[in-house]
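User: I would like a close look at a single part of this structure. Please go step by step.
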Amino acid sequence: IEDCLIPENMSAHRALRDRLPWQTLSTGEHWYTPYPFFDAARDRLVDIFQPDINWVGGFTACQRIAAIADAAGLETILHAGMNTPYGQHFTFSNTNTRWGEYFVGGAPGVPLPRTHSYPGMATPVDGWCVPSDAPGFGHGLSLDAINAMTL
C-alpha cells in the first residue's frame, strides 16, 4: 500500500503498521526533508521509503534517506524517480533500490521521449530503462535546448 495516509500523521502510520504488520507499506513522497524518514525507520513504520527527488532536497537528500533505509533494512524507491536523469542515476547507484517508478504524464499516443523536459534523457523501452552515461547526468540540457523549450 502506497501513501494511503496523511503524510504528517505519524501516529496514523504507527496504527496502520500495528494493524497490518504483514502488509508491505510505502510512503514518503510528501515528506520534504530526511528527518521524517529517520523517525519512520526508527519506529519501523513502513517497508519502502519513496522520497521525491525534486521535493525532498535533491540527490544528496535522497542519498541520506537511502543510508537511513539501508541501516534499517528498508528499501528506497524514488517517487517517479525514473522521470528525471537524477532519479535514474540514483536508482541505479543504490543497492537497496530494486525498482524505478516512471510516471507517464503525457497524453495517450504521445511517445515517452516527448513526455518530459530533459533532452537526451533515457526513457523506458519494454519496461527497461538505462540511464545515459553522458556527462552531467546525461540530461542534454544546453542554452539552446532551454531556449527551444521556452518558445
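The request below picks one helix, and the answer starts from there.
Which residues of H2 are buried, and what covers them? How many salt bridges does the structure hold?

Analyst: This is a predicted model, where local features need pLDDT of at least 70 and side-chain atom pairs count only at pLDDT 80 or more, while totals for chains, interfaces and linings use all residues. Residues are numbered from 1 along each chain as its sequence is written, and side-chain values use heavy atoms, without hydrogens or water.

First, some background. The protein chain has five helices and three strands. These are DSSP runs numbered from the N terminus: helices are H or I with at least four residues, strands are E with at least two. Their order along the sequence is α-β-α-β-α-β-α-α. The C-alpha atoms fill a box of roughly 50 × 30 × 30 Å along the principal axes. Of the chain's 151 residues, 43% are buried (under 20% relative accessible area; exposed is over 50%, partly exposed in between; 1.4 Å probe, protein chains only).

Now to H2, which spans 35-42. Its buried residues are Pro-36, Phe-37, Ala-40 and Ala-41. They sit on the same side of H2, because their arc around the axis is only 135 degrees (taken from the directions from the helix axis to the C-beta atoms). Their cover includes H1, strand S1 (26-27), S2 and helix H3 (58-72).

Other residues of H2 carry charge pairs. Side chains of opposite charge can pair when their charged atoms come close. A salt bridge here is a side-chain nitrogen of Lys or Arg within 4 Å of a carboxyl oxygen of Asp or Glu. The structure holds five. One of them joins Arg-42 to Asp-39, at 3.2 Å from N to O. These two residues are three apart in H2, so about one helical turn separates them. Arg-42 is partly exposed at 49% relative accessible area. Asp-39 is partly exposed too, at 28%.

Next comes the end of the helix. Arg-44, just after H2, has a positive phi of about 55 degrees. Asp-43 lies in the loop between H2 and strand S2 (48-49). Asp-43 pairs with Arg-14, with 2.9 Å between the closest N and O atoms. Arg-14 belongs to helix H1 (residues 10-19), 29 residues away, so this bridge links distant parts of the chain. Asp-43 is partly exposed at 27% relative accessibility. Arg-14 is partly exposed at 34%.

A further salt bridge connects Glu-75 and Arg-98, whose closest N and O atoms are 2.7 Å apart. Glu-75 is in strand S3 (residues 75-76) and Arg-98 in the loop between helix H4 (85-93) and helix H5 (143-150), so parts 23 residues apart in sequence are tied together. Arg-98 is exposed, at 53% relative accessibility. As for the H2 region, salt bridges with shared partners join Arg-14, Asp-39, Arg-42 and Asp-43 into one network.

Last, a wider view. Consider contacts in the chain with a separation of 6 or more: 47% of them are between residues 24 or more positions apart. Contact means heavy atoms within 4.5 Å.

To sum up H2: Pro-36, Phe-37, Ala-40 and Ala-41 are its buried residues, and its Asp-39 and Arg-42 share a network with Arg-14 and Asp-43.
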